[in-house]
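Visitor: I'm new to reading protein models. Could you walk me through one, feature by feature?

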Amino acid sequence: MTAAQPAAQPTAMMSGRYQRAFTIAVVFLVAGWHLAGAGGQLLHNRSAYSSFAFQGAMWLVMALAIAAGSVLVLRGTPGWRSAWAVALIALAASTAAAAASPAAQMLAVNWSWGSAGWTGVLVLLRRRFAELACFLAAEALATLGVQVWDGLHRADLAGFLAVLAWSTGAQVAVAAGVRALDVAAGQAAAAAASEHAARERAVTAEIIRASRHARWLALQQTAVPLVAELATGTADPGNAQVRIRCAVQAARLRRLLAEGDEVPGSLVHELHASADVAERRGVAVEIETAGPLPQVPGPARRVITDAAIAILTAARSRARITLAVVAAGIAVSFVADTGAVVGLPAGGEGVAIDQQQDGGMLWAEARWNGQ
Amino acid sequence: MERPVMVAIIEDHPVVTEGVASWIWSDPGERVRLVHTARDLTGLRAAPEPRADVVILDLELSGELVTAQIPDLVAAGYRVVAFSGHSDPLIVMETLDNGAHAYVSKEEGRDHLVEAVLAAAADRPYMTRSQAKAMLADQRPARPVLSEQERQALLLWFQGMSKASVGRRMSISENTVRQYISRARAKYAATGRPAPSKDALLARAIEDGVIKPGEIMPYKSFARSAADHPSSGAPGR
C-alpha cells in the first residue's frame with residue numbers, strides 16, 4: 001500500500017478487490033473453455049451432427065448465457081433469480097444440443113456438457129455451494145437422461161462416468177478453490193487493516209506525545225521559572241508586576257487544561273492564538289465557551305479574530321473572551337480594560353460588531369448570523 | 001447585628017482550605033464564621049456544635065466526584081455551595097439539580113464565594129458566571145423556559161459585564177438586571193429532582209417578588225397534563 005492511499009481502507013473493500021480478481025479469472029476460464037474447448041469440438045465434429053446449424057445456434061445461446069452471466073457476476077454476487085435464469089438457459093441449451101446429437105455417438109460429439117457446467121460455476125460461484133451441486137447434478141442427470149433415451153450400453157455408461165469425473169470434478173475443484181481464496185483474501189485484508197490501524201494509533205500517540213511535550217516545554221520557559229522565583233523568594237508576591245505575571249501564567253495553565261475538553265473548531269483555536277500574543281505582553285486572558293458551537297466559515301472567523309486582536313492589543317492587564325450560541329448564530333464577546341474605545345473592523349461576512357465603553361472597561365461583541 | 005453564618009469547608013487540599021478560610025476572615029463585616037473543616041464528608045457527621053448552616057463543598061474529593069452526595073447533605077438541612085475546578089456545564093447542572101444552592105468555580109472564588117455563602121444561608125438566588133455559562137449551554141429538553149430578556153441578561157453577565165453595565169446595555173436599571181438573573185436561577189430551582197433547598201429558594205424568591213408562582217409553570221404544567229390524561233398510558237402521580 002502506498003502513502004497516497006486513503007488513510008482508512010476498510011477490510012471489506014480490500015478483500016472485495018481480491019474477490020473481483022478471482023471472478024475475472026473465472027470469467028476468462030469459462031469464456032475460454034466455451035470458445036476454444038466447446039467451439040473447437042463443435043467444428044471438429046461438424047459433419048457428425050444431423051443439423052450443424054441447430055448445434056451452432058445452441059452454442060450461440062450458450063455464449064449469450066455466458067456473456068450475461070459474466071456481466072452479472074462482475075456487478076457483484078447475482079441474486080438467485082438472475083443466477084438461476086442464466087443457469088437454466090445453459091442447461092436447456094445443453095440438453096437440447098445433446099438430444100439433437102446422433103444417438104450412437106452422443107457422448108463422443110457432445111460439446112455442451114462442459115460449457116453448461118462452467119456456466120453454472122460462473123453464476124453460482126458465490127452462492128451457497130449446495131446450489132452449484134444441485135445444478136451440476138441436474139446437468140449430469142439431463143445428459144444421462146438423453147443417453148438413456150438413446151439407449152444405454154455398458155460402454156456408454158463408462159464413458160459417461162469418465163466425462164462426469166473429469167468435467168464436473170474440474171468444475172467443483174475450481175469453485176472450491178475460489179471459495180478458499182476468498183477466505184484467504186478476507187483474512188489477508190483483515191490482517192492488513194489491523195496492521196494499518198495499529199500504525200494509525202502509533203502515529204496518533206506520537207502526535208499527542210509531541211503536543212504534550214510542546215506544552216511542557218512552554219511551561220518550562222515561563223511558568224516553571226516564575227514558580228522557582230516565588231519559591232526562592234526572588235519574586236515578591238506583593239509586587240504588582242509579579243502578580244500580573246502570575247495571572248498570565250495561571251491563564252495559560254487554565255487554557256492548557258481547557259484545550260482537552262472543548263474544541264468546537266477553528267474559531268476557538270484562532271482566538272487562543274490571538275490571545276497568546278497578548279499574554280506575552282502580560283495581559284491575563286480567559287476564554288470561555290458556553291455550549292456546542294456551530295462551525296463558523298473562514299471569512300467570518302477572520303473578521304472576528306481581527307476584532308479580537310484589536311481589543312487584546314489595547315487591553316492593559318486582563319481580557320475575557322466568551323463564545324455562546326445565540327439564535328441562528330454565535331456571539332463572541334470581549335470584556336477588557338482597554339481604558340478607551342477601540343477602533344474595530346466594520347464587520348461584514350455575516351458578522352455584526354458592537355461595542356460599549358463603561359468606565360475603563362470595554363465590552364464588545366461580534367455576532368455571526370448563520371442564516 | 002445579625003448572627004453570622006456558620007460555614008464548614010469540605011476540601012481535600014489543605015492549601016485550598018487555607019485560601020477559602022482567608023477569604024472568610026478577610027470579610028470586613030465578619031458575616032461568616034468558619035466552624036468546621038474536613039477533608040471528606042464523613043467528618044461532617046461527627047462535627048461538634050455549633051452546626052454549620054452552609055457547607056462549602058469541593059466537588060472532587062480524593063479524585064472522586066461527590067455530586068451524588070449533595071442530596072443527602074441537603075436533606076440533612078445544610079445549604080451547599082459547590083466550589084470546584086471543574087467548569088464543565090454538565091457537572092454544574094448536575095450539581096444544581098442535586099440541590100446545591102450555587103456553583104462557584106475556583107477562578108471565581110475570591111469575588112463570589114463569601115457572597116454565595118451568604119445568599120445560600122438566606123435562600124436567595126445567586127448566579128456566578130460559570131452557572132450562567134451552564135444555563136446558556138443547557139440543551140436538555142426539560143430545561144426551564146427563559147424569557148428573551150432573562151436570556152439576554154444572563155448572556156451579558158456570562159460575557160463578563162458588571163450588572164450595572166448590563167443594565168446600561170439593555171436600557172434597564174441594575175435592579176431589573178438582578179431581577180432577571182435571579183428569576184432565571186429560580187426557574188432552575190423549579191425543575192428536576194425535588195430538594196428542600198430548592199423549595200426554600202423558590203419560596204423566598206416568591207416572597208421577595210423575584211418570581212410569581214405562575215411563572216414556574218413549564219415543569220408543573222407538564223406534570224398536570226400527564227395527570228389529566230391517564231389514558232395516555234403514563235402512570236398518574
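Guide: Let's start at a helix end: H8(B) is followed by Ser171(B), whose phi is positive, near 55°. Helices (H or I, at least four residues) and strands (E, at least two) are DSSP runs, numbered from the N terminus. This is a predicted model, where local features need pLDDT of at least 70 and side-chain atom pairs count only at pLDDT 80 or more, while totals for chains, interfaces and linings use all residues. Residues are numbered from 1 along each chain as its sequence is written, and chains are lettered from A and ligands numbered from 1 in the order in which they are written.

Visitor: Which residues of helix H8 of chain B are buried?

Guide: A residue is buried if 20 or more other C-beta atoms lie within 10 Å of its own, exposed if 12 or fewer, and partly exposed in between, with C-beta atoms placed from the backbone. In H8 (residues 163–170), the buried ones are Ser165(B), Val166(B) and Gly167(B). Their cover includes E4 and strand E5 (361–369) of chain A, along with helix H7 (148–159) and helix H9 (174–189) of chain B.

Visitor: Where do Glu349(A) and Asp123(B) lie?

Guide: Both sit in loops. Glu349(A) lies between strand E3 (329–336) and strand E4 (351–358) of chain A, and Asp123(B) between helix H5 (109–121) and helix H6 (129–137) of chain B. Glu349(A) has a positive phi of about 60° though it is not a glycine, and Asp123(B), also not a glycine, has a positive phi of about 60°.

Visitor: Is Asp123(B) buried or exposed?

Guide: Count its neighbours: Asp123(B) has 20 other C-beta atoms within 10 Å, so it is buried. Glu349(A) has 14, so it is partly exposed.

Visitor: How do I read two helices that cross, say H2 and H3 of chain A?

Guide: Axes are lines fitted to C-alpha atoms, for helices over the stretch in contact, and angles run from 0 to 180 degrees between N-to-C directions. The axes of H2 (residues 52–74) and H3 (residues 80–99) come within 9 Å and cross at roughly 165°. Angles over 145 degrees count as roughly antiparallel (under 35 roughly parallel, 65 to 115 roughly perpendicular, the rest oblique), and H2(A) and H3(A) are therefore roughly antiparallel to each other.

Visitor: Which residues of H2(A) and H3(A) meet?

Guide: Two residues are in contact if their C-beta atoms, placed from the backbone, lie within 7 Å. Among those in H2(A) are Met58(A), Ala65(A) and Leu72(A), and H3(A) offers residues including Val86(A), Ile89(A) and Ala93(A).

Visitor: What about residues far apart in sequence?

Guide: Ser167(A), in helix H7 (residues 154–221) of chain A, is 53 residues from Gly114(A) in sequence but 6.1 Å from it in space, C-alpha to C-alpha. Ser167(A) is buried, with 22 other C-beta atoms within 10 Å.

Visitor: And how many residues does the largest nonpolar core have?

Guide: A nonpolar core is a set of buried Ala, Val, Leu, Ile, Met, Phe, Trp, Tyr and Cys residues joined through C-beta atoms within 7 Å. The largest has 106 residues, and those with the most contacts inside it include Ile311(A) and Val54(B). A second, separate core of 37 residues includes Ile66(A) and Phe135(A).

Visitor: How confident is the predictor about chain B?

Guide: pLDDT is the predictor's confidence in each residue, from 0 to 100. Chain B averages 84, with 90% of the residues scoring at least 70. Over residues 218–237 of chain B, though, the pLDDT is below 50. Where pLDDT is low, the predicted coordinates should not be read in detail.
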